[in-house]
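Here is a short, friendly tour of the structure shown below. Keep the view open as you read, and turn it as each part comes up.

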Amino acid sequence: MININSPLPHEVVKFTEIEFTENGEPRSTKFDDVYFSDCGGMEESEHVFIDGCDLRERLRNRAQSGESSPVSDYLVGETGFGTGLNLLTLMNFHKRLQEEEKHSGSGIILPHVTFLSVEKYPLSPEVMKRAHSRFPNIGKESMELVEALSSKELFTGLNTYEINPEFTLQLMIGDITDCYSSVCTDRPVDSWFLDGFNPKSNCDMWSVQSMKILAELSSKGTNIATFTVCREVRDNLREAGFTLVKRKGFGRKREMLSGFIDSPLN
Ligand SMILES: C[S@@+](CC[C@H](N)C(=O)[O-])C[C@H]1O[C@@H](n2cnc3c(N)ncnc32)[C@H](O)[C@@H]1O
């Protein structure tokens, strides 16, 4: 069970305007940065976040261990929902992995996934749909997300969507520190996708204060992944209690970061 325990204002959200480049890439004018890499997008999301958090093994292990019966659940936390591309990539990956298991005859049923994310500058479902149109492989997932988001008004604070039988989206609208410090959950986050804009222009997404709040929602074994290996982010993650490992980056990026909690703060 996830809830927000705070007097955060409950107001209808005003969507943020963004621009699309000549190549159709969504770009934030506020942060002067792109929502995802111009060389890959979905492939980068899979490499950095899904492989970076070892989700192939971890989803399988959770299914086999039979935790939280009757239906096991895997809790992914994200910083920066943006266009929702990471969620769509994960939904698509989960579907492919389940098909693999079915064909192998393993009998494994992958866990349900709860995707908890935060966004201070939300995009409208129409803008998200336009951003997703670059990726025909996730057309079905995009349709499911856009339909769910269009089905009711978005408010500041916590918004819950049952996207399909395998995925629940819990989308918090507000600032990362206000939202995550107000989260009440009966279990730790299993994996974190850290996906702010460039730390130079978007420091609150990578601050030591934010990283400590994420660590408090974690436990021994929680892991993280991010595309950035910059010194300040590494220092802040270490100070918050994460042990870090550099891995091969995607495309032109030489390195990326994975990490895990070995001594929970709480
Ligand atoms: C790199 S984009 C995320 C891309 C996204 N994961 C996707 O799949 O499209 C970073 C996101 O963080 C959001 N953001 C920036 N500062 C924030 C803050 N202080 N609190 C919450 N969200 C923030 C931005 O609006 C943006 O949507």
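Which residue in strand 13 is the bridge partner of Thr-243? The partner is Phe-260. Please bear in mind throughout that this is a predicted model.

**The hairpin and the small sheet**

That residue pair belongs to a longer match: strand 12, residues 242–248, runs antiparallel to strand 13, residues 255–261, and 7 bridges join the two. Together strand 12 and strand 13 make a hairpin, with 6 residues between them. If you follow the chain through the turn, you will meet Gly-251, whose phi is positive at about 60 degrees.

Elsewhere, 3 strands build an open sheet with antiparallel pairing, in the order 2-3-4. Strand 2 (19–20) and strand 4 are at the edges with a single partner strand each, so one side of each has no neighbour in the sheet. Strand 2 pairs with strand 3 (residues 26–28) in the antiparallel sense through 2 bridges. To find this pairing on screen, look for Phe-20, which stands opposite Pro-26 in strand 3.

**The ligand**

Now to the ligand, which has 22 residues around it. The closest are Gly-80, Thr-83, Glu-119, Asp-175 and Asp-195. Some polar contacts are worth a look. On the side-chain part, an N or O atom of Glu-78 lies 3.2 Å from a nitrogen atom of the ligand. The backbone takes part as well: a polar backbone atom of Leu-85 is 3.0 Å from a ligand oxygen, and a polar backbone atom of Asn-86 is 3.1 Å from an oxygen atom of the ligand. On its own the ligand would expose 610 Å², and the protein buries 98% of that area.

**Two pockets**

The table sets out the two pockets by volume and by the classes of residue in their linings.

| Pocket | Volume | Nonpolar | Polar | Charged |
|---|---|---|---|---|
| Largest pocket | about 920 Å³ | 19 residues | 14 residues | 12 residues |
| Second largest pocket | about 200 Å³ | 4 residues | 4 residues | 5 residues |

Which residues are closest to the centre of the largest pocket? With a volume of about 920 Å³, the largest pocket is lined by 45 residues, and Val-34, Asp-195, Gly-196, Phe-197 and Phe-227 are the closest to its centre. Asp-195 should sound familiar, being listed among the residues closest to the ligand. Strand 4 (33–34), helix 1 (42–51), helix 3 (85–104) and strand 6 (112–119) each give at least two residues to this lining. Helix 1 provides the largest share, 4 residues.

The second largest pocket has a lining of 13 residues. Nearest to the centre of this pocket are Met-91, His-94, Lys-95, Asn-164 and Glu-166. Helix 3 and helix 5 (139–150) each supply at least two residues of the lining, and the largest share, 5 residues, comes from helix 3. Helix 3 is therefore a good element to colour in your viewer: it supplies at least two residues to the lining of the largest pocket and 5 residues to that of the second largest pocket.

Terms used:
Residues numbered from 1 in each chain as written. Predicted model: local features only at pLDDT ≥ 70, side-chain atom pairs only at ≥ 80, totals over all residues. Heavy atoms only, no water. 1 Å grid on protein atoms, 1.4 Å probe; cavity = no way out; pocket = protein on both sides within 12 Å on 5 of 7 lines; lining within 4 Å. Points joined across faces, edges and corners; volume = space filled by probe spheres on them. Nonpolar A, V, L, I, M, F, W, Y, C, P; charged D, E, K, R; others polar. Pairing = 2+ DSSP bridges. Near = heavy atom within 4 Å. Polar contact = N/O pair within 3.5 Å; in protein donor to acceptor, adjacent residues only side chain to side chain. Areas by Shrake-Rupley, 256 points an atom, 1.4 Å probe, with all protein chains shown as cover.
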